[in-house]
Each structure stands twice: as structure tokens, then as C-alpha cells.
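Trainee: I have the chain and its ligand open in the viewer. Can we go through them together, one question at a time?
Mentor: Yes. Keep the structure in view as we talk.

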Amino acid sequence: MKKQDNSLMEKIISLCKRRGFVFPGSEIYGGLANSWDYGPLGVELKNNIKNLWWKKFVQERDDMVGIDASLIMNPKVWESSGHLKEFSDPLVECKKCKKRFRADHINSNNCPECKGELSQPRQFNLMLKTFLGPAEERVNEVYFRPETAQAMFVDFKNVLESSRKKLPFGIAQTGKAFRNEVTPGNFIFRTREFEQMEIEYFIEEKDWKEKFELWRKEMWSWMTETLGVEKSKIHELEVAKGELAHYSKRTIDFEYDFPFGRKELYGLAYRTDFDLKNHYQEPPYRDEENNEGFYPHVVEPTFGVDRSVLAVLCDAYVEEEDRIVLKLKPSLAPYKVAVFPLLKNKPELVAKAREIYKELQKDFMVAFDDRGNIGKRYYSQDEIGTPYCVTVDFESLENDDVTIRDRDSMKQERIKISELKKYINGKL
Ligand code: ATP
């Protein structure tokens with residue numbers, strides 16, 4: 001396992017800020033407790049990840065449908081799900097410097113910062129509270145959802161009746177979740193507001209082991225093929241029985257070797273029929289053959305969006321002799337292609353380049369750059385992961401072709417302008 005590499009993390013955070021991937025939230029007001037904002041390039045990368053996820057797990061499958069539920073649900077949801085009682089972390093406080101830590105994250109009896117004495121651990125509920133309506137009364141107290149999962153259970157019957165799906169089938173959702181984390185930190189790895197992509201896959205109890213294995217494979221395929229993350233940096237951790245979440249009978253954490261250590265990226269859990277039983281007094285599903293009602297069981301693959309972005313950035317970041325490259329898969333890159341006129345002061349080159357740029361923009365996110373020399377422009381695009389750069393020169397005006405340069409091999413070839421879209425699409 002790789003040792004902690006704080007300098008790599010610093011470089012990634014600095015690149016993210018400089019190039020517009022991720023900024024500190026509310027920065028001009030001094031920030032807010034490890035909140036981060038996605039900038040112009042970050043939002044593209046993040047949307048690409050979310051869209052690929054939806055395509056792979058919803059669009060291309062017959063056994064999946066999606067929903068987009070409210071962030072704030074009836075508080076009874078969290079009572080029934082067990083979150084109000086169980087969704088807590090053990091918190092210890094340093095008696096000297098008053099800093100708080102998660103007891104399960106530290107290995108000593110003393111404060112990791114000042115070595116002061118720590119208090120006894122107490123359970124701290126992670127649900128983020130607010131008030132619905134104008135009066136700040138207890139009766140109006142509600143919670144921002146701490147996971148997207150519960151809506152899939154609460155909406156189960158409506159989805160079933162409207163979509164007419166039969167077991168096995170899944171409900172997918174992407175969206176924000178909120179947790180009052182004791183110690184947010186490590187950039188976008190642990191924040192109090194974050195985004196999830198979750199699937200609740202409904203099955204018959206007898207099939208749980210088989211479906212668990214199927215989803216385990218799907219998750220590997222997502223991480224290594226779709227996101228292109230280096231396989232050797234991903235590790236499965238079988239969560240010990242005593243450490244399982246209150247709803248789970250089996251959980252595998254998929255961990256990634258982040259620069260700050262090996263940490264959870266995603267999870268796969270067998271939630272039994274715990275959730276549907278909590279929410280429905282009557283069995284919400286009927287057996288097709290004997291018409292008897294029963295509670296489907298659930299396998300849940302869960303994916304953090306922000307941790308996906310971070311893993312992809314850490315994995316793609318490469319320092320070469322005279323350049324920094326983000327070797328992102330083309331499908332993830334914020335810009336698929338950049339267009340340059342060879343010389344800024346030749347209007348006919350600029351006009352031709354802009355024409356190509358406008359045409360490509362109909363299909364892709366495209367960058368345009370006419371500053372400095374070509375070398376600097378390549379450097380700038382390499383650093384943000386743009387897989388292709390197209391240069392318009394004098395020959396282009398005669399022959400309707402351009403030079404296309406590959407980010408990773410740095411090789412250049414001549415290609416007809418009319419072939420550009422096909423060429424780029426073929427690489428996505
Ligand atoms: P951890 O042990 O790191 O606190 P968890 O096991 O509580 O995580 P889950 O409840 O399984 O996490 O949440 C599902 C996924 O949501 C995680 O695998 C992770 O990708 C993401 N996630 C959870 N908490 C956060 C957070 N505070 N910030 C960013 N992503 C998060």
C-alpha cells in the first residue's frame with residue numbers, strides 16, 4: 001500500500017483551484033467547514049461521471065428504473081428506517097484543546113493534535129436538522145436526507161405500480177445527501193454535503209448471494225472499465241460482522257489507495273428485507289404464481305460521486321518531465337477537444353478555427369485557445385485532461401484538413417475536418 005503522499009494531495013488541490021475543477025466553498029467569507037464548490041471544469045467531470053453511471057446502470061438495462069426524490073422527507077421516514085436512533089458515530093472530545101474526533105478513527109487514548117486527555121466516547125447523531133415553514137418549533141423539525149436510499153423504499157409501491165416491473169429489478173437515484181460528520185476533511189473525500197449514486201436492487205431472498213456477486217462484478221466493471229481507475233489501487237474489504245451497519249447482513253467496502261491512505265470509495269450491502277418491512281405494514285409485493293404478498297430483499301450498491309471524482313483525479317494525475325497530464329478517459333474529460341488557430345494574428349486562420357470550434361460544439365464540450373504558442377496551449381490542455389487538440393494552419397485553408405494531437409502519446413496526425421467528429425466519437 002502506498003504511504004501517505006501529502007504533497008500529491010496538495011498538488012491536486014492546487015490544480016483543481018487554479019484550473020477551475022474545485023474551489024473552497026464560500027472562500028471570500030473565509031470558507032465553511034470543508035465545503036467545496038465545483039467550478040467550470042469540475043462540474044463537467046462530475047456530470048460526465050453521473051451521466052455514464054446512469055447510462056450503464058439505468059439506460060442500458062431492462063431491470064432498472066430511476067427516481068429523483070425530495071431531499072427533505074417526512075421525519076417518520078427516519079424514525080422507521082432506524083436513522084434517528086442508530087445513525088451516529090462515536091465522538092470524543094479533547095479536554096485540553098476541545099477538538100472533536102471520531103473515536104473509531106483514532107488509535108490512541110490521547111488527542112492526535114495536542115496529546116491532551118480525551119473524553120469518554122458518546123454517540124453523535126449525524127442527521128442534519130432544519131425547520132420546515134416559518135415557525136422554528138419542534139413540530140416543524142425535519143432532516144436533510146443522510147442517504148438517497150430511503151426514497152427508493154418509500155416510493156417502492158408507486159414505482160412498482162407505475163413501471164410494472166417484476167423481481168428482480170432495481171431503483172436508482174443520484175443526488176445530494178447530508179451528514180453532520182464529526183471530522184470532515186481530506187478535500188472532497190469527507191464533506192457534510194455530498195452526492196451519492198445509489199441502487200436498491202429488489203430480489204427474492206433465496207437469490208441474495210447470486211445477486212450480491214453480480215453487483216460486485218458490476219461495481220468492478222464500473223471502477224476499472226468505465227472510470228478507468230487502476231485495478232491494483234482498489235481493494236475489497238469484507239466488513240466484520242460486529243461492524244456492520246444496523247441494516248446490513250453483509251457489506252463489502254471498495255477501498256481506493258488515496259494519497260492520504262486506503263479509504264472507502266464505495267459500498268455493497270445486503271440489506272435483507274429490513275427497509276421495506278420498516279416502511280410497509282402490508283407486504284408491498286405479490287408473488288406472480290400464488291398471489292401471496294411478501295417483502296422483497298435488497299442488495300444495495302452505493303457510489304459516492306465526490307469520492308469518484310477524487311479517485312479519478314488522483315488516478316489520472318501524472319507528472320512527466322516537462323508537463324503535467326491528467327490522463328482521464330476521454331469520456332470523462334471536461335473538454336473532449338481543443339481547437340487552436342496556428343497564429344492569432346491571421347484572421348483567415350482564426351475564422352476557420354472558430355468555424356470548426358462552433359461545429360464541434362454541437363456535439364462536444366470544446367475549448368478554444370489562441371493565446372501564446374502551440375506548446376503552451378498543449379501544456380494547458382494536458383493539465384486539464386483534454387484528449388485531443390486540433391490546430392488549424394495554412395494548409396487547412398487549402399486542403400480542409402487539420403493536425404490532431406493525442407494527449408497521451410503526443411503524436412500528431414493529419415485528418416480531414418469532415419472526419420473530426422467521427423474520430424472523436426470513436427474514442428469516447
Ligand atoms: P465512511 O465510513 O467513510 O463514513 P460510510 O460507510 O458511512 O462512509 P455509506 O453510508 O456507505 O458511507 O455511504 C455510501 C457512500 O457515500 C460511501 O461509500 C461514500 O462514497 C459516500 N459518502 C459517505 N459519506 C460521505 C461524506 N461525508 N462525504 C463524501 N462522500 C461520502
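**Around the ligand**

Mentor: Start with the strands at the ligand. β11 (193–203), β14 (261–272) and β17 (297–304) each supply at least two residues of the shell around it. Keep in mind that this is a predicted model.

Trainee: Which strand gives the most to the shell around the ligand?
Mentor: Three strands each supply at least two residues: β11, β14 and β17. One of them leads, with 4 residues. That strand is β14.

Trainee: How many residues surround the ligand?
Mentor: The closest are Glu 181, Arg 190, Thr 191, Glu 264 and Leu 265. By type, the shell divides into 4 nonpolar, 5 polar and 6 charged residues. The number surrounding the ligand is 15.

Trainee: Which residue has a polar side-chain atom 2.7 Å from an oxygen atom of the ligand?
Mentor: Set the backbone contacts aside. A polar backbone atom of Phe 189 lies 3.3 Å from a nitrogen atom of the ligand. Thr 191 also uses a backbone N or O atom, 2.8 Å from a ligand nitrogen. The side-chain contact to a ligand oxygen, at 2.7 Å, belongs to Arg 190.

Trainee: What percentage of the ligand's exposed area does the protein bury?
Mentor: Take the ligand alone, and it exposes 590 Å². Then add the protein. The part buried is 85%.

**Strands and sheets**

Trainee: Which residue in β6 is the bridge partner of Leu 91?
Mentor: Leu 91 has partners in two strands. β5 (residues 88–93) pairs with β7 (residues 122–125) in the antiparallel sense over 4 bridges, and there Leu 91 stands opposite Arg 122. β5 also pairs with β6 (residues 100–102), antiparallel, over 3 bridges. In β6 the partner is Arg 102.

Trainee: Which residue in the turn between β5 and β6 has a positive phi?
Mentor: β5 and β6 form a hairpin. The turn has 6 residues between the two strands. One of those has a phi of about 70°: Lys 98.

Trainee: Why is one side of β4 and one side of β8 left without a neighbour in the sheet?
Mentor: Three strands form an open sheet, with antiparallel pairing, in the order β4-β9-β8. β4 (72–73) and β8 (128–131) stand at the edges, so one side of each has no neighbour there. Each has just a single partner strand.

Trainee: Which residue in β9 is the bridge partner of Met 73?
Mentor: β4 and β9 (residues 141–144) pair in the antiparallel sense. They do so over 2 bridges. Opposite Met 73 is Tyr 143.

**Backbone details**

Trainee: Which peptide bond is cis, with omega near -5°?
Mentor: Look in the loop between α6 (156–163) and β10 (169–178), where Pro 168 is found. The bond leads into that proline. It runs from Leu 167 to Pro 168.

Trainee: What is the phi of Phe 187?
Mentor: Phe 187 is found in the loop between β10 and β11. Its phi is positive, in a residue other than glycine. The value is near 60°.

**Domains and the C-terminal helix**

Trainee: What distance separates the centres of domain 1 and domain 3?
Mentor: The chain is divided into domain 1 (6–73 + 126–315), domain 2 (88–125) and domain 3 (337–427). The contact takes 6 residues from domain 1 and 4 residues from domain 3. Taken over C-alpha atoms, their centres are separated by 38 Å.

Trainee: What separates the C-alpha atoms of Lys 421 and Gly 82?
Mentor: Lys 421 lies in helix α13 (residues 420–427). Leaving aside neighbours within four places in sequence, its contacts include Glu 359 and Phe 364. Gly 82 is 339 residues away along the chain. The C-alpha separation is 52 Å.

Conventions:
Residues are numbered from 1 along each chain as its sequence is written. This is a predicted model: local features need pLDDT of at least 70, side-chain atom pairs count only at pLDDT 80 or more; totals for chains, interfaces and linings use all residues. Side-chain values use heavy atoms; hydrogens and water are left out. Two strands pair if DSSP finds at least two bridges between them. A residue is near a molecule or strand if one of its heavy atoms lies within 4 Å of it. A polar contact is a pair of N or O atoms within 3.5 Å; within protein, one must be able to donate a hydrogen and the other to accept it, and residues adjacent in sequence count only if both atoms are side-chain atoms. Accessible areas come from the Shrake-Rupley method with a 1.4 Å probe; for residues, only the protein chains shown count as cover. Ala, Val, Leu, Ile, Met, Phe, Trp, Tyr, Cys and Pro count as nonpolar, Asp, Glu, Lys and Arg as charged, and the others, Gly among them, as polar. Domain bounds come from an automatic or database domain assignment. Contact means heavy atoms within 4.5 Å.
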